[in-house]
Amino acid sequence: MDFLSEENVCGQTLLRLVSRGNAIIAELLRLSDYIPPVFRLETPSDREKYTLILPDFTYFRNQEYYDHKIDSVTELQDRDEEFRENHIEILGRFYQAFESVHKYVVDLNRFLDDLDEGVFIQQTLETVIFNDDGKQLMCESLFLYGVMLLVIDMKVESPVRERMLVAYHRYSAGQASVDSNIEEVSKLLRGTGFSSAVTAKRPPNYPEHYFRRIPINETFVDMVIGRLRSDDIYAQISTYPLPEHRSTALATQASMLYVILYFAPEILEKQQAVMREIVDKHFPDNWVVSIYMGITVNLIDAWEPYRAARAALNNTLEQGNVIEQACRRVSKVQRLNAQVLKYLKEGALVEDYVLDHVPKLMNCLRESNVIIRWLVLHTAESEPNISKFSFQECHSVSSVSMENKRVQLVRGQVLAEQYNHHHLFSLLVNTGQFEFVLKEMFKSMLSRKQLKWEEYRREGSERMTELGEVFSGVKPLTRVEKNEHLQAWFNEMASQINSLSYDDSTSAGRKIIQLIQALEEVQEFHQLEANLQVRQFLADTRMFLHQMIRTINIKEEFLIQLQLIADLSYAWKLIDTYTLFMQQGIKKDPSMVIKLRATFLKLASALDLPCVRISQASSPDLMSVSQYYSGELVSYVRKVLQIIPESMFEILDQIIKLQTFKMKELPTRLEKEKLRDFSQLDDRYQVARLTHSVSVFTEGILMMKTTLVGIIKVDPKQLLEDGIRKELVKKVAYALHVGLEFTQAKTKTSQELVQRLGRVAATMDGFRRSFEYIQDYVNIYGLKIWQEEVSRIINYNVEQECNSFLRQKIYDWQSVYQSTAIPIPRFPPLDMVSVNFVGRLAREIMRITDTSTTSYIEQMGTWYDNRTRQEVVSPKVFEQLERALGAFGLRGLDRFFCFMLVRELQKFVRTLHRFCQQDKQLQRMIMEIEKSVKPFASVPANAFKLYQQASQKLARVWPFYLDTVMKVGQLQMIRRQITLQLRNSSRFDSKFLVNALQCFNDAVITDIEAHYKDPTIPYPGEDNPLLPELCSYLETAGICDPLSKIYVTTARLETFPLLTFLFTFTQFPKLAYHKSVGSMVCKKPVDPLDGPPFIVGTLTLIRQYHTDNLDKFIALMGQYVRAMVVATSGSKDKSADLPGDVINALVFLEEMINYGKLPRKAVEVHVPGYVFDEFRRQAPKQN
């Protein structure tokens, strides 16, 4: 029974285990890109905030101390709970990955125990290890476990993973107590002392002690090492028959042997004979090993601490040997490159030539790939900036301190042998193209193999039949006499050719050779050479028979062999060393993309390494693993080809400068004499030349054709568009980041804001114009791309800025606006409060419209300075905002202000409820005051004195009340202006959309009102996106009223209307009604009070509670006005006017019903209408 057959339980168990190992490594690599930075505790801020709630394994020794420390401080408790809510999902994902490593080694040990105990019938450790498939899987199972441990230590450093495991243990206590594995997982993955820091040194006995934390059967380890030492377990020698290629043929098992030797460190340290054998067989001419998907190791460093290994490797590293190996390979680069280029010439690789010279072509490819592999590995720097998960990034597994001097010396010896990066890169690219052409030709020939074979057979048979007819005398042919023997012979040949079977290729091949010999003999013995036409027929038939033999010899084994030879998995990360060469080549000649496409496909062969076992096991992990590695490769393709959009934008900058500063706009009428001045031929030629350059770049990338990279289809048109989007996003985001940076001086005006908005608007206009100009030349929808990407940048930055208000943060990997292919760049904060330009701009607007320094005039829609009476912020500023940021920017600012508003309201509600519910004395005081003013329809005795005494008793409440009301009012006034600007611009730019939205909104509101009257009428459910999406459209078009919305949910508070009334009563003396501005202003410029924000803030607060509260508040205000009117009318001075505070109260009420869009009757119920009609006339004039 085949070891991998479905009926073989032993083989399937081992195959599934190895498949799982590959999937685990892919998951670890995927997760390593999503480690929350806070777990590293790199910044002083993070250390100060999270050291106590993110302990390492010291937590397990002092668990009570840490828990008590957190529980004893409310702020720490809140922070801990917030951290749990934000990170429990990613912590769970990491723990599952860590636990899967532990389960893997446990399952491996269980499988070995089952083999020893005879659970698998007729299978023992010995029989499995000597089976061809069995020994491959056994070696891979141990090798993958070692790779997992190394990847974890590389990608998730010791302190980080300890903090993660402790955090998961604390936050998932219930699950952790049920799942006993967490203790074992923690023991396996506790800190090793390994660090990727530049100054760190290799820990002693690393990684062998790390590998021995969970013991593995020593006999199994020894037998695996034995097989790897002695056998060619993957049968690669047949693919690389030359002795000098043996180390390349055994490279896969050499990398496995390197990892597995750490499970038996005594061999590395003591067994010199074994190590000498290993080095002589696997490392006679190489010392840099590719382990797994780009993880590379330099043995000079890695084996430095081990005596036997170091001594064995010294033979390879002898100066003479190093120079000889380097010289031999470097000298072949240009020769091979010339040979490959010769094959790639137009018309060189035709089918006949390829079929006749397969061995020669294969030898060229084999030699080229061997040279490329050796030079790429042995010339790579030990600390390149290319690798996301290369041991070389961490100075191998051996040392992360200064690079080993011997490594430098040996590498220097290699580079000294006239080595040239450009020549090697050229060979790599040309070899990739050569392989691609050959592969496509053979695929085409294989797909047409049977059809071609049958066509050649039919043609040969027809030729023989026709010759038979010629010699029959029936079909006259010049100078051919009738010959019955030849007629019968040719007819027999025709039937013999027809009888050839495609399915039995072996016997058909022998028979074809016999037929060819017979045709040669008949031509010679029967003296048919004299007749040119007969001779031609015979030659054609022999040619068709030869073609049949060639066609039979086209086999799929060639493609398999080509795939093995073309392997580039060792350069999965090192290929980035050549990115600059690729980009320079594209910039010089965009058609180079065609060759690079072949290189990318060659690199895609690396996906076979992790996916082949997963595919054999029919594991559901295949799609996930393939998606990850394919995504990584596509990201690299995007990175290389990004040079095209970058170059296009550089050219666009030049075009825009020419159009803006040099090109004159043609007038509608032009005098003949001035035609030459306006022609500007040189400038127009420059624009045309630059535009052509852009078109050439576009044409270059479109030459790439649609390509399947791994399992992801790469469309060059989409790739170009994504690249343009990425470059646009990078430039726009940077322009906004730099343009909206404000100085920190306390005394400054709005002039800086206006200037910066003007510069940003000019920059954005330049980008927009460049897109309009270029869109037709590169065949893209410029306006669509512009709007989508600018809105994404704004929304993303708003989202990140709003994270400071959210308990559960939105991280980049969760954001709907962030993208892997077209990432929005993040810049370091420029101040201590804001995260990005959205926060800086919003807080700058808040600062210059501060109610303590400015007054808002409703009729002008403008803020004025209290002292100088100068205009500070007018509607023109909001127009400038729209020009700079667009409608998306205004909408984003409004959303951010809304978050600020909600925070202020939530803080107010919590504080007020705490005052009213926890302070019993305050509760009794408010109840007594409420009894005194009830019923609201009456006028209490000594009303003014009563209100005054009540407000004095509650004096400690008013400061936070005033602070909240003014902040809320200021935010609401700014939001009203933003809404007004959005409404005006949308009506001007898209009136049909606005009208449609207005009608739709009215119709929906009518239906909702009808539903509440008759519940049988349908109403949009929670899962119906109609209302949220309509609301988003309405807010973007400015069809909304910020003052009419409810922002927070509140508990019922009976005394809230009375408290709010008393608060407003205390503020009236600080205000004065100005007829000239039609509103109240602050009497003293130093008071943080302004009429419109005061009214709007109070109205917004009241509207967060039940609607009854607004009615009660108006009733209390009416009671106050009536009481003061009665007191005034009862005075001895009959001509006395209303007091200023009463006028302020009436102004407050009138403006509140205007802002709140309340019916006038709501106030006239409590205040007579004639009082409203007369109070403005009695208001005193103000200077």
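Analyst: Let's start with a definition: a cavity is a set of grid points where a 1.4 Å probe fits but cannot get out, and its lining residues have an atom within 4 Å of a point. Keep in mind that we're looking at a predicted model.

User: Okay, which residues line the second largest cavity?

Analyst: Here's the roll call: R638, L641, Q642, P645, I701, L719, L720, D722, G723, K726 and A821. The space they surround comes to about 70 Å³.

User: Which helices each supply at least two residues of that lining?

Analyst: Two of them do, α32 (621-641) and α36 (716-739). The top contributor is α36, which gives five residues.

User: And what's the mix by class in the lining of the second largest cavity?

Analyst: You'll find six nonpolar residues, two polar ones and three charged ones there.

User: How many cavities of 30 Å³ or more does the structure hold?

Analyst: There are eight at that cut-off. The largest has a volume of about 150 Å³. Its lining is made of 17 residues, and those closest to the centre are S247, A251, N286, R373 and L377.

User: Which elements each bring at least two residues to the lining of the largest cavity?

Analyst: Three helices and a strand: α13 (246-249), α14 (251-260), α21 (358-379) and β1 (288-292). The biggest share is from α21, with five residues. Sorted by class, this lining has eight nonpolar, six polar and three charged residues.

User: Let's switch to rings. How many aromatic pairs does the structure hold?

Analyst: The count is 62. To read one, look at the angle between the ring planes: under 30 degrees is stacked, over 60 is edge-to-face, and anything else is tilted. Take F805 and F896, whose planes are 50° apart, with 5.6 Å from centre to centre; that's a tilted pair.

User: Why does that pair tie together parts that are apart in sequence?

Analyst: Look at where each ring sits. F805 is in the loop between α38 (782-802) and α39 (837-848), while F896 belongs to helix α40 (residues 875-918), so the pair links parts that are 91 residues apart in sequence.

User: Are F805 and F896 buried or exposed?

Analyst: Both are buried; the cut-off for that is under 20% relative accessible area.

User: One more: where does the charged end of R463 sit?

Analyst: Over a ring, namely that of F537. Check the distance to the ring centre in your viewer; for R463 and F537, it's 5.9 Å.

Methods: Residues numbered from 1 in each chain as written. Predicted model: local features only at pLDDT ≥ 70, side-chain atom pairs only at ≥ 80, totals over all residues. Heavy atoms only, no water. Phe/Tyr/Trp six-rings, centres within 6.5 Å; stacked < 30°, edge-to-face > 60°. Helix = DSSP H or I, 4+ residues; strand = E, 2+ residues; numbered from the N terminus. Buried < 20%, exposed > 50% of the residue type's maximum accessible area, 1.4 Å probe, protein only. Lys NZ or Arg CZ within 6 Å of the ring centre and 35° of its normal. 1 Å grid on protein atoms, 1.4 Å probe; cavity = no way out; pocket = protein on both sides within 12 Å on 5 of 7 lines; lining within 4 Å. Points joined across faces, edges and corners; volume = space filled by probe spheres on them. Nonpolar A, V, L, I, M, F, W, Y, C, P; charged D, E, K, R; others polar.
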